[in-house]
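Subject: Structure handover

Hello,

Here is the structure for your files. My notes follow below it.

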Amino acid sequence: MIGSDAAGRSVDSDGRAAGGAGEARPGGDQYRAGASPARLHADGVGWGVAGARILAGVALTAEPGVTVGLLGPNGSGKSSLLRLLAGLARPESGRVLLDDVAVGAIPRRALARRIAVVTQQVATDVEMSALEVVLLGRIPYRPRIAGVGAADLDLARRALAEAGLAGFEQRRWSSLSGGERQRVDLARALVQEPDLLLLDEPTNHLDIRHQLELLRFLAESTSTVVVTLHDLNLAARYCDRLVLLCEGRVVAAGTPVEVLTSSRIEQVYRVRTDVVIAPDGRPRVWYRRPSP
Ligand SMILES: Nc1ncnc2c1ncn2[C@@H]1O[C@H](COP(=O)(O)OP(=O)(O)OP(=O)(O)O)[C@@H](O)[C@H]1O
């Protein structure tokens with residue numbers, strides 16, 4: 001045990017509540033492929049910058065293995081909330097729990113083994129190969145003075161192939177296109193073998209085929225996933241649940257059918273739509289042309 005959570009409970013070296021269901025990690029540091037999907041729960045979360053309130057009273061629950069889509073207009077607080085969920089910033093009020101342990105109480109190295117984050121800010125001037133970037137995801141698993149092992153290399157190569165980038169191993173990061181960088185960064189997150197995968201607009205540089213492949217991959221992933229998206233139809237099709245933010249507050253949460261109603265989309269996005277339920281039982285949003 002190397003710490004305690006906000007409630008004073010012991011926290012083990014993997015950031016789990018001592019004696020909790022997930023305490024033992026079969027296979028230790030071996031390839032786990034998101035074998036222990038986490039439950040993420042946030043409630044009453046508030047956060048602000050320089051006196052400006054960015055998030056207020058936000059609640060979000062992602063059950064193990066579920067894919068939650070985080071929606072909302074520009075500036076509604078999606079990226080800010082994702083940072084709080086990832087433990088990259090601390091909420092000013094409320095709490096964020098990973099399997100009942102406050103994220104802020106989990107040691108950084110343990111947190112890096114459990115949560116992987118794919119952000120929008122992908123640096124352009126990194127002098128590394130694609131394979132080296134992917135291998136960054138293995139650092140939380142490596143003894144501090146050890147080099148890269150054969151198993152790490154194998155995992156990184158497989159993750160690149162999974163991202164559709166087999167053969168890109170030695171390509172310089174700076175030579176990659178925006179979409180290729182986004183997929184390398186996803187591969188880096190995958191080799192972290194996270195229990196919780198947090199992605200901030202991971203489709204924004206991807207062509208439609210890669211968007212569909214990525215969202216299908218997330219939907220089928222054994223990890224718990226929270227992903228911010230702007231495309232309402234992709235969110236409706238691939239997410240189990242949606243949380244809709246507006247001006248830093250949750251205005252709706254539930255299944256895609258419950259959240260994506262025509263009146264709510266108009267209220268939040270000021271866009272008129274027709275929403276129909278497709279044969280797969282999920283909503284499809286048709287945007288009306290703005291009247292001249
Ligand atoms: N560090 C900061 N300093 C000042 N304002 C900030 C900071 N971080 C976020 N904000 C503001 O908080 C609000 C929410 O930003 P955030 O990036 O979370 O929104 P978002 O929903 O992800 O937006 P988008 O869809 O445009 O990516 C915005 O008005 C933004 O300008």
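For the ligand shell, Ala, Val, Leu, Ile, Met, Phe, Trp, Tyr, Cys and Pro count as nonpolar, Asp, Glu, Lys and Arg as charged, and the others, Gly among them, as polar. This is a predicted model: local features need pLDDT of at least 70, side-chain atom pairs count only at pLDDT 80 or more, and totals for chains, interfaces and linings use all residues. Residues are numbered from 1 along each chain as its sequence is written.

Ligand shell. Two residues are nonpolar, seven polar and one charged. Among those surrounding the ligand are Val 49, Ile 54, Asn 74 and Lys 78 (near: C-beta atom, placed from the backbone, within 6 Å). Helix α1 (residues 78-85) gives the largest share, three residues. Helices (H or I, at least four residues) and strands (E, at least two) are DSSP runs, numbered from the N terminus.

Strand β9. All five of its five residues (196-200) are buried, so β9 is largely enclosed by the rest of the structure. Buried means 20 or more other C-beta atoms within 10 Å of the residue's own; exposed means 12 or fewer, partly exposed in between; C-beta atoms are placed from the backbone. Leu 196, Leu 198 and Asp 200 point one way, Leu 197 and Leu 199 the other. β9 pairs in the parallel sense with β8 (residues 115-118) over four bridges and with β10 over five. Pairing takes at least two DSSP bridges. Val 117 has Leu 198 as its bridge partner. Leu 199 stands opposite Val 227 in β10.

Best wishes
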